[in-house]
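Please load the model in your viewer and keep the sequence panel open beside it. The stops below go from a pocket to a patch on the surface.

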Amino acid sequence: IIILSTSTALLGACGFLFLGKAIFILLGIKVYDFLVAGGILLLIFSIKEILFASVKKIEGSAESVGVVPLGMPLIAGPAVLTTTLILLDAHGIFYTLSALLANIIIVAVVFKSSDFLIKIFGKTTLKAFSKITGILLAAYAVMMIRRGILQIISNI
């Protein structure tokens with residue numbers, strides 16, 4: 001599942017990195033539109049994680065769970081896709097692709113070490129950390145929405 005989910009995330013993000021701008025042009029979407037849409041989806045996801053994470057159960061085969069929801073959208077979701085496009089414009093393909101690969105490797109290492117991390121920190125501590133991370137994710141989502149709206153307003 002670890003290899004499948006991280007491979008899915010990497011392939012999805014790389015595909016979006018190389019094809020995202022062309023898709024945007026074809027559909028008439030601007031990066032700020034994607035910021036708002038991605039921010040809203042990320043906000044919904046973070047609220048769901050904060051409020052309902054303890055009652056959710058992911059169902060399906062190991063293969064399907066590795067692809068959806070782990071690979072896409074949990075590892076490579078709206079924030080990753082939007083950030084890759086922004087980084088591509090700001091820093092170019094080499095640095096963006098390097099950063100993306102480094103982050104996917106970090107995710108794979110953390111996933112692989114999950115049993116060890118649970119033993120060291122305990123389930124309660126990790127649940128608390130998950131809630132804090134969910135709040136940070138919500139704040140990041142609001143920032144994406146705010147930036148997108150400000151860019152829309154400045155382009156009117």
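Helices here are DSSP runs of H or I with at least four residues, numbered from the N terminus. The model is a predicted one, which is worth keeping in mind at each stop.

**The largest pocket**

Begin by selecting Glu49, Leu74, Phe111, Ser130 and Thr133, which are the closest to the centre of the largest pocket among the 48 residues that line it. The space in this pocket comes to about 2,300 Å³.

Next, colour the helices one by one: helix 1, helix 2 (31-52), helix 3 (62-75), helix 4 (78-91), helix 5, helix 6 (114-121) and helix 7 (123-154) each contribute at least two residues to the lining. Which helix gives the most to the lining of the largest pocket? Select helix 7, which gives the most, with twelve residues.

If you then recolour the lining by class, you will find 30 nonpolar residues, together with eleven polar and seven charged ones.

**The nonpolar patch**

Now turn to the surface and select Phe18, Leu19, Ile23, Leu26, Leu27, Ile29, Ile93, Phe94 and Tyr95, which make a nonpolar patch of about 990 Å². Two elements, helix 1 (2-27) and helix 5 (93-112), give two or more residues to this patch, and helix 1 gives the most, with five.

**A last stop at Tyr95**

Finally, centre the view on Tyr95, a residue of helix 5. Is Tyr95 buried or exposed? Tyr95 has a relative accessible area of 58%, and because exposed means over 50%, Tyr95 counts as exposed.

Methods. Residues numbered from 1 in each chain as written. Predicted model: local features only at pLDDT ≥ 70, side-chain atom pairs only at ≥ 80, totals over all residues. Heavy atoms only, no water. Patch = residues over 30% accessible without salt bridge, like charges linked within 9 Å, V, L, I, M, F, W, Y side chains within 5 Å. Areas by Shrake-Rupley, 256 points an atom, 1.4 Å probe, with all protein chains shown as cover. Salt bridge = Lys/Arg side-chain N within 4 Å of Asp/Glu carboxyl O. Buried < 20%, exposed > 50% of the residue type's maximum accessible area, 1.4 Å probe, protein only. 1 Å grid on protein atoms, 1.4 Å probe; cavity = no way out; pocket = protein on both sides within 12 Å on 5 of 7 lines; lining within 4 Å. Points joined across faces, edges and corners; volume = space filled by probe spheres on them. Nonpolar A, V, L, I, M, F, W, Y, C, P; charged D, E, K, R; others polar.
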